[in-house]
Each structure stands twice: as C-alpha cells, then as structure tokens.
Amino acid sequence: MPSLSTDTTHTLATRTIQVPVALLALVSTLLGLLFTRMARRRFAMPPGPKPLPIIGNYFDMPTHEQWKTYKQWSEHYDSDLVHVNVLGTDVIIVNTVTAADELFRRRSALYSSRPKMPMIRDLIGLKWHLAFMPHQETWRANRKIVGQEQSPQHTINTRPQQLKWTRTYLQNLMNSPDNFFEHIQHLASAVVLEDVYGLQVKPSGTPDPFIRAATGAVEAMGAAGIYGTYLVDYLPILKYVPSWFPGAEFQSAAKKWRESTDVAASVPFKLVKEAMAEGDAALSITSKLLAKLSAGDVAGETLIRHTGATMFSQGSAASVSALRTFFLIMVLHPEIQAKAQAEIDSIVRGRLPTFADMDALPYVSALIKEVLRWAPIVPLAFPRQLEADDMYDGYFLPAGSVIVPNTWAILQDPTTYRNPTVFDPTRFLTREGTLDPSKNVDPAFGYGRRVCPGRSAAMSMMYISIATTLAAFNVTKAVDEDGFHIKPSCEYTAGLLRYAKPFKCEIELRSAEAEMMIHAMND
Ligand code: HEM
C-alpha cells in the first residue's frame, strides 16, 4: 500500500479539521441570521418612511441636499436616528450630536469602518485614499502616518511655507481680483504640494498638472462620496456591466475620474523618487519618509505613496470650500467684515497679521468657526459601516448597516446653536468677547477614530489667509453695467464636499499702505 506522504497526511488532517470548522461557521452564520431576524422582530429598527417590497425606500431617497430631507425625517419621526432600507441595504442616518457622540466616539470599535462603495473604490480607483479604507490594518498604518505628518507640531513647523504662499495669494488677489476662486485653489494646492512632495505649482491662472489631478480626484470624491449616489453602491454586481450597456454611463464617468486619481496617486511621488536618485530632491514629507526606508521595502513605498496622495488631494480640497464661503459671507454681511477689520486694526498696525496675533483676534477665530458651521464643507460626513449588531435607544441596528452622520443637522440644531440659520460669529464668544471654550464646531471635522487628521493644518491655513485678506482688502458686492449691486446667488454644489458656486464680488485694497504691507510680509 502506498504510504501517505507527510504533505498528504497534513492535507487530510487539515481537511478533517476543516469539516467541523466549516460546520461551526455555517451554524454560527445561521444562528447569526436567526438572531438578526428575531431581533428585527423583537426590537424595532429606528423609524423612517415606509418601504416598498424588494426596492424598499429607493424612491424616497433624496438626490439633492440629502441632509435637509434627513433632518426633516428626524423631526417628523421625533428620533435621533432614521432608518431606510434601499434594495436590501439598511441605511441609518444619525441626526443629533448626542447619538453621534455615543455611536462614533463611545462605541468607536463598532462604528469606525467604511462601506464598500464600489463606484469610488473600485471604478474610480480611490482605494488608496485613507478616507475610503475599511477599519482594518491598512487603514491603521495609513492613518498613523497621516496623523504624524499632519500633527499640530508639523503645522507649526510649516508656518514659513504657509506665510510664503499666503503672500503670493494676496499678490494674486491684488493683481487679478476677479479670479479669486483660482487664487484660493492655487494657495491650498501650493502649500500642500510643497509640504508633501517639495514640488512647486505653476503661477495662479496657468494650467498646472498637479492642481488638475488633485481637483479631479476631489471632484470624483464629491460626486461619488455620498453612499448610494450611484446604484452600483447598493448592487455591487453592476460594476461588471460594460460601459456601452444602456444605463451604464457611470462607467464612463468613473473612467474619466480614474485618470485624475491615478495621476494624483503616482506622478508627484515618482518625481520625488527621481529627484532623490539624482540627489536634488527638496525636503518634503515624502522624501523624508522614503529616506528612512530600507532598500526593496515595496510595502513601505506603497504606504508612503498612498498617504502622500491622500494628504495632497484632501489638503487641496476642504479649505478651498471654506475660503469661498468666507468671501460669500463678506459680500453678504459688510457689518461682520467691518467688525473683524476693526478688531485686526486695533491689534496690528503697519503690518499684516501673523500667527503670533491669533490669540488676540478672537472675533476672527469665531468668524472662521462660524464659516465651518454655517456652510459645512462635508454636510454628510463620510459614511460608516456597522461591524456588529447593536442597540441604541431601544432600537435594533443590524451589522452591515451603512451609517450616515448628518453633520448639517447637527450644526443646525437650535438647542446647540441659537438661530442656526443666521450667520453670527458671536455665538462662539463670551460676553466679554473672548472665545467661549464651551462652544465648538468640532462636528464639522467628523467623529471618533475617523475624525479629520488635517484639522490643525486646515485651521492654520484658514486663519492666516482670512486674517490677512481682511487686513488688506475690502470685499463688497459687484456692480453690474447699469450700476446696480449684484447679490450673489448663494448656491452650492451638490455632493460629499460642498462648494459655493462661482459668484462675482469686488475685492479692493483697503489703502496704499496695504499694498506695501503685502510686499513686506515675512521679509
Ligand atoms: C476646513 C477643512 C477641512 C474640513 C472641514 C475637513 C473635514 C473632514 C471630515 C468631516 C472628514 C470625515 C470624518 C469622519 O469620517 O467622521 C474628514 C476626513 C479626512 N480629512 Fe479632512 N477636513 C478638512 C481639511 C483636511 C486637510 C487639510 C487634510 C489634509 C491632510 C484632511 C485630511 C483628511 C483625511 C485623510 C480624512 C480621512 C480620515 C479617515 O477616514 O480616517 N482634511 N475631513
């Protein structure tokens, strides 16, 4: 009789072990399903519009400014959480700060993952972006690097770069004020491209391949980042449908965006590597991290490439939205602009504000917080996926549910923010005019383990650009050919990241001295 080789013995033994393991897995899966069914029957899910058979609430789902409908549902059902089921996927919307704090912070082990989202991850190719990674080892490794490289200390270390690019931005505003949207984008991308890769953007108004790639990646995130915008999120099988198939236009859209995301993920990184090989790479986050790698560490290189692309694309995005809103508010509320300028003029004379003045300008800081509250850049924070069955306030929340944080509803809650639709920086101040430590705008940056790691860099850039703009310029309504003032439409783009749509305004130097102060900045 042929003897069994060690390998075969091992295989047989493994199989013998695997049979009970498989049975155990099957039984526990069935028990899990049974429990879920029983729990669904025993405990109600959070309230929400009545679903139809099979398609569930597909036709109830809003497609524009979803956050407003979700808030109305939350008020209508008098519930922090609202539940809908779309084509078999449970979606739970979190509408209050109490629920957000409980679920995302206290129960962060269960609520920190992301749903699969095949449109954004597989078709557009943003798998490398930290924000769309599930709560697993790869996310931890990426998050550690981004957290380290965007720390408050790193932000302080890079202040000279922020000042340098702010001066360029102010000069751009002076030279071609009508192109202020371009100058804002140029500022955000220039700072982050130099910080992450040591590369320089082209002058504002000149086509720049890096800005184009970063804005393309951000556009893709904006368009596909809200869960369920594309049907393929609910029915992942659709990702295999070819682009010529009727109704599969999403494939062509994804292909177009993929070009930008691929460039953002690879080209600047490649340039740094080439420059390092030639010995003339500028100091940057990427060159510093690559220099520490041992030769042949492919996984380490991928990690550096992905985190760099995440910081570059994300860093080029959000503060742009905040700055657009800032200009819009200055046009709409001259009295708020005058108050902020009066504060700056009382503290800073004969020069523009610097980082050292920040604590002495509480009204300016409050104004920035109010910009983030009044027009949240991410009104529905990036979606989460619940990792195990859970209960909240007597409601059953099944594992696998997509959890949507409604930040807009939270920042518009009148119990936290009185008269929430009114733009009022003083809500963040004490009676004495100092910043009130009990009032914050933290939800604007997300929640728990997935909270925005770039918030210190973002706050720093917003402060220096807004304080210096206010010190040097007056922003007023544009005037049409007949001499009438033009009121901006106050329209915003739809999507995960929200931007004020283009509008006209007058941006003029406050005095001849302001021009000299811009040229003298950080000399
Ligand atoms: C005003 C500016 C900014 C705002 C309002 C903002 C807001 C947010 C929000 C709401 C999230 C989702 C958090 C969640 O899932 O709970 C987020 C995630 C993220 N932000 Fe920001 N952000 C800003 C600037 C930046 C900057 C400058 C960077 C540069 C590195 C950055 C990098 C990221 C990353 C990498 C994530 C994903 C984190 C993760 O999933 O673990 N953000 N941000």
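A polar contact is a pair of N or O atoms within 3.5 Å. In this predicted model, the ligand meets that definition at the side chain of Trp139, where an N or O atom is 2.9 Å from an oxygen atom of the ligand. Two arginines make similar approaches. A polar side-chain atom of Arg114 lies 2.9 Å from an oxygen atom of the ligand. In the side chain of Arg450, an N or O atom is likewise 2.9 Å from a ligand oxygen.

The shell around the ligand can be described by element. Helix H5 (137–149), helix H12 (298–315) and helix H17 (455–472) each give two or more residues to this shell. H12 gives the most, with 4 residues. In total, 26 residues surround the ligand. Those that come nearest are Arg114, Arg143, Arg384, Arg450 and Cys452. By class, the shell has 16 nonpolar residues, 6 polar ones and 4 charged ones.

Cys452 has a further role in the ligand site. Its SG atom is the only protein donor of the iron atom of the ligand. The distance is 2.3 Å. Cys452 is placed in a loop, between helix H16 (407–411) and H17.

The surrounding space was examined next. A search of the whole structure finds 4 cavities of 30 Å³ or more. The largest cavity holds about 840 Å³ of space. The ligand sits in this cavity. Its lining is made up of 47 residues. Gln314, Ala318, Cys452, Pro453 and Gly454 lie nearest the centre of the cavity. Cys452 thus appears both here and among the residues that come nearest the ligand.

Several helices build the cavity lining. At least two residues each come from H5, helix H6 (152–157), helix H7 (159–175), helix H8 (180–197), H12, helix H13 (318–332) and H17. H8 gives the most to this lining, with 5 residues. In the shell around the ligand, by contrast, H12 gives the most. The cavity lining divides into 28 nonpolar, 14 polar and 5 charged residues.

The largest pocket was treated separately. About 810 Å³ of space lies in this pocket. It is lined by 37 residues. The closest to the pocket centre are Lys369, Asn440, Val441, Asp442 and Phe445. Helix H3 (97–106), H6, helix H15 (362–374) and H17 each give two or more residues to the pocket lining. H6 and H17 also supply residues to the lining of the largest cavity. By class, the pocket lining has 19 nonpolar, 10 polar and 8 charged residues.

Conventions:
Residues numbered from 1 in each chain as written. Predicted model: local features only at pLDDT ≥ 70, side-chain atom pairs only at ≥ 80, totals over all residues. Heavy atoms only, no water. Near = heavy atom within 4 Å. Polar contact = N/O pair within 3.5 Å; in protein donor to acceptor, adjacent residues only side chain to side chain. 1 Å grid on protein atoms, 1.4 Å probe; cavity = no way out; pocket = protein on both sides within 12 Å on 5 of 7 lines; lining within 4 Å. Sits in = over half its atoms within 2 Å of the grid points. Nonpolar A, V, L, I, M, F, W, Y, C, P; charged D, E, K, R; others polar. Donors = N, O, S within 2.8 Å, 3.2 Å for Na, K, Ca; no water. Points joined across faces, edges and corners; volume = space filled by probe spheres on them.
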